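Subject: Handing over the two-chain model

Hello,

Here is the structure I promised to pass on to you. Please open it next to this email, and then read my notes on what turned up.

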Amino acid sequence: MGKQPAAIIGVGQTHHRAKREDVSMAGLCREAIDRALLDANLTLDDIDAIVVGKAPDLFEGVMMPELFLAEALGAAGKPLLRVHTAGSVGGSTAIVASSLVQAGVHKRVLTVAYEKQSESNAMWALSVPLPFNMPVHAGAGGYFAPHVRSYIRRSQAPTHVGAIVAAKDRNNALKNPYAHLHNEGTTVESVLASQMLWDPIRYDETCPSSDGACALVIVDEDTAKSSPNPAWIHGTVMRSEATTAAERDQVNPQAGRDAAAALWKQAGITSPIDEIDAAEIYVPFSWFEPMWLENLGFAAEGDGWKLTEAGETAMTGRIPVNCSGGVLSSNPIGASGMLRFGEAALQVRGAAGEHQVDGARKALGHAYGGGSQFFAMWVVGADKPSN
Amino acid sequence: MSRTLSAPVTVAFDYTRSTGPVVGRFLSGLRDGVVVGGRTSTGQVVVPPLEFDPVTHEATTEFVEVSPVGTVTSWTWVPEPVKDQPFDRPFAFALVTLDGADAPLLHALDVSSPAEVTTGMRVRVRWAAERVGHINDIACFEPLAPGEAEAAAPAASSEEPVTGVVTKVSLDYQYAASPEESLFYRGLNEGRIMGQRCPTCQKVYVPPRSACPSDGTPTVEEVELSQTGTITTFCIVNVPFLGQKITPPYVSAYVLLDGADIAVLHLILGVPADEVRMGMRVKAVWKPKDEWAYSLENIDHFAPTGDPDADYDTYKHHL
């Protein structure tokens, strides 16, 4: 027996903010879950299993939060799984949930991912000094900035390409009522004028620190019949690689390339740029848009920035990227990957509201995590897959 | 001498928790000197209130004040209290079902020996002298003698609802370096930079790993590396952050030591930050020998050698 068809029929997310002091962690998750269930026209009683994801426990200082969250997530009497793959966790959590349906184990699976970053400080949590070592680490920005510099050198990209991405995503976010940042009037010039934080990454080229959650309802073919607009899963892939291997390509990681190749094959896609109508790509620092465009195969190596510079990643371009505003506009880390996956589903369901790409039929959701060592991605479509 | 090096490390943070409206209602009650439970859809009163109903999954909205007096339903004795427990002397943890509630609350019970605790005994809340909206506003439970009246309720406060608590978390670890890392740190204490070569792929790793990350082969052959190398890539850290050890701005760079196949992250000084370049040749600058320890910090920083930059082709596969 092959893989069973599976579809997303419910997508829910919170209003992402720097501090959601009005809700607890459980309340934050339920805000997203309740919206996803309402969208799916189901209740928690209809759900067979729950899969929860979040990034490192040090962010909230609660070890194994799934223990105390179980009841609030409606998991009493049901299977509850927790997934962790650093920043990509929102994507891999959705993939684990979808695999339970595709394997025929469950018919209706609820998945939720969250982060309540206001409970601590991510820079601190990612830079705890270790004995014997040199304390030069400086959070995620400090980790990725040298690799952005390598990309610029390798591709010979003009230095304002990062600012183009930031201005685009911030303006896209104005069309997304859930986005954390609604910075009116962001332009390439204003981004370039913002403070240089981790040279070559400027303040406006970095993601915010957000509280937020995202939830999806993933169901089997029978249940999907009740939905007017299911988003069918055409392919899911996860890949990992060793973070500290000698001569590892940090700009264009092998695991990402392999994952993308496997994904396009699974989804029956031969020319991603022609066949994907909208892409939600994990871009926490603006330069990762051109980097991932190449890693994913939307552009040849060294050519990703040309798509960005030509406006092809704008909502009206050949390959609209992050119409929701992306990670650059909302970054509840654990949820950020699931937001990419959920926004891709919204696009092919025609339910993305003001940031809908007209007539989107196939969309990509993508996430990466750790030191670019975990990759998770899926393709969803308006049509049931034929394979 | 021990084969491996270890050192203490403390990870500590004062987490700022949002309570949400339900737990916030309970904590506001404690601050005001009353114990508040939540009523479930089946009519049970649970203390502290559940955020979401176990049957309907709806948010709890009905709150009930319960008595500060109750009955012990189970308990355990704590003969040797540890840091941050409610008492520094032996005490009991007890499950107490307060009068008016249907489910027990866990808290400390202040008695001097296990002989003074029985399941079914009557106890009452001992309020903390200062109440702030925290579970520790209940200092503990204490035995209620037969016929004794319950403690007078402390004056209610009229402050804003409690919406958050600060949870101080502090974890003390003993960080243990692997034997291979210990070799590296011991070398640094002698002014040498030691790596290991993988017998399978011949790559030289610095610091040495216990096994090659690419092929899993244990690494044993020791290689002393040059103290000069090439900056492959870098960033200039301009942003200050909590716990930072070096005052920004500073250049954090990957330095590929001559003879190594992987770069190490270190600090670049001796050149203005905006003049640091990919391909720049640098050398290790050590701290005075009397400051050395088993640490990569023995190398104070790397500074330019003044030699011509390395050709891009010589390090581009290390990006």
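Which residues of chain A does UniProt list for "domain: Thiolase C-terminal"? The record, an unreviewed entry, gives residues 245-373 of chain A. Please keep in mind throughout that this is a predicted model. In the model, the span 245-373 of chain A is 40% helix and 9% strand, and its end C-alpha atoms lie 11 Å apart.

**The sheet of chain A**

A good place to begin is the open sheet of 9 strands in chain A. Its order is S3-S2-S4-S7-S1-S8-S11-S10-S9, and the pairing is mixed. Strand S3 (80-83) and strand S9 (278-280) of chain A are the edge strands, each pairing on one side only. On average, neighbouring strands of this sheet are turned by 25° against each other, direction ignored.

Here are some of the pairings in that sheet:

- Strand S1 (residues 6-13) and strand S8 (residues 231-240) of chain A are antiparallel and share 2 bridges. A:Ala7 has A:Trp232 in S8(A) as its bridge partner.
- S9(A) and S10(A) run parallel and are joined by 3 bridges. A:Ala279 has its bridge partner in S10(A), namely A:Leu364.
- S10(A) and S11(A) are antiparallel, with 8 bridges between them. A:His366 is matched with A:Met377 in S11(A) as its bridge partner.

S10(A) deserves a second look. Is this strand enclosed or open to the outside, and why? 8 of the 8 residues of S10(A) are buried, so the strand is largely enclosed by the rest of the structure. Both of its faces are covered. On one side the buried residues are A:Lys362, A:Leu364, A:His366 and A:Tyr368, and on the other they are A:Ala363, A:Gly365, A:Ala367 and A:Gly369. In the hairpin that S10(A) makes with S11(A), 4 residues sit between the strands, and A:Gly370 takes a positive phi near 65°.

A helix belongs to this part of the picture too. Helix H9 (residues 254-266) of chain A lies across S8, strand S10 (362-369) and strand S11 (374-381) of chain A, and H9(A) runs at about 155° to S8(A).

**Chain B**

Chain B is divided into domain 1 (6-169), domain 2 (178-221) and domain 3 (226-319). Between the C-alpha centres of domain 1 and domain 2 of chain B there are 53 Å.

UniProt also has an annotation here, again from an unreviewed entry: "domain: ChsH2 C-terminal OB-fold" covers residues 64-127 and 222-287 of chain B. Residues 64-127 of chain B are 0% helix and 50% strand, with end C-alpha atoms 19 Å apart. For residues 222-287 of chain B the figures are 0% helix and 48% strand, with the ends 24 Å apart.

Chain B has an open, antiparallel sheet of 3 strands in the order S3-S2-S4. Strand S3 (45-46) and strand S4 (63-66) of chain B each have a single partner strand, so one side of each is left without a neighbour in the sheet. Strand S2 (residues 35-39) of chain B pairs with S4(B) over 4 bridges in the antiparallel sense, and B:Val35 stands opposite B:Val66 in S4(B). Helix H1 (residues 20-31) of chain B packs on this sheet, touching S2 and S4 of chain B; the direction of H1(B) makes about 150° with that of S2(B).

One residue to click on is B:Gln227, in the loop between strand S13 (221-224) and S14 of chain B. B:Gln227 is partly exposed, with 17 other C-beta atoms within 10 Å. Apart from neighbours within four places in sequence, B:Gln227 is in contact with B:Ile193, B:Lys283 and B:Ala284.

**Where the chains meet**

How many residues does each chain bring to the contact? Chain A brings 51 residues and chain B brings 55 residues. Helix H1 (25-40), helix H4 (122-125), helix H5 (139-155) and strand S5 (196-199) of chain A each supply at least two residues of the side that touches chain B. H5(A) gives the most to that side, with 9 residues. By class, the side of chain A that touches chain B has 25 nonpolar, 15 polar and 11 charged residues.

Strands also meet across the two chains: 2 bridges join S5(A) to strand S14 (residues 228-237) of chain B, and these strands run antiparallel. There, A:Trp198 stands opposite B:Val237 in S14(B).

Enjoy exploring!

Methods. Residues numbered from 1 in each chain as written. Chains lettered and ligands numbered in written order. Predicted model: local features only at pLDDT ≥ 70, side-chain atom pairs only at ≥ 80, totals over all residues. Contact = placed C-beta atoms within 7 Å. Nonpolar A, V, L, I, M, F, W, Y, C, P; charged D, E, K, R; others polar. Pairing = 2+ DSSP bridges. Axes fitted to C-alpha atoms, helices over the stretch in contact; angles between N-to-C directions. Domains from an automatic or database assignment. Buried ≥ 20, exposed ≤ 12 C-beta atoms within 10 Å, placed from the backbone. UniProt positions renumbered as here; feature names shortened; annotations may be inferred.
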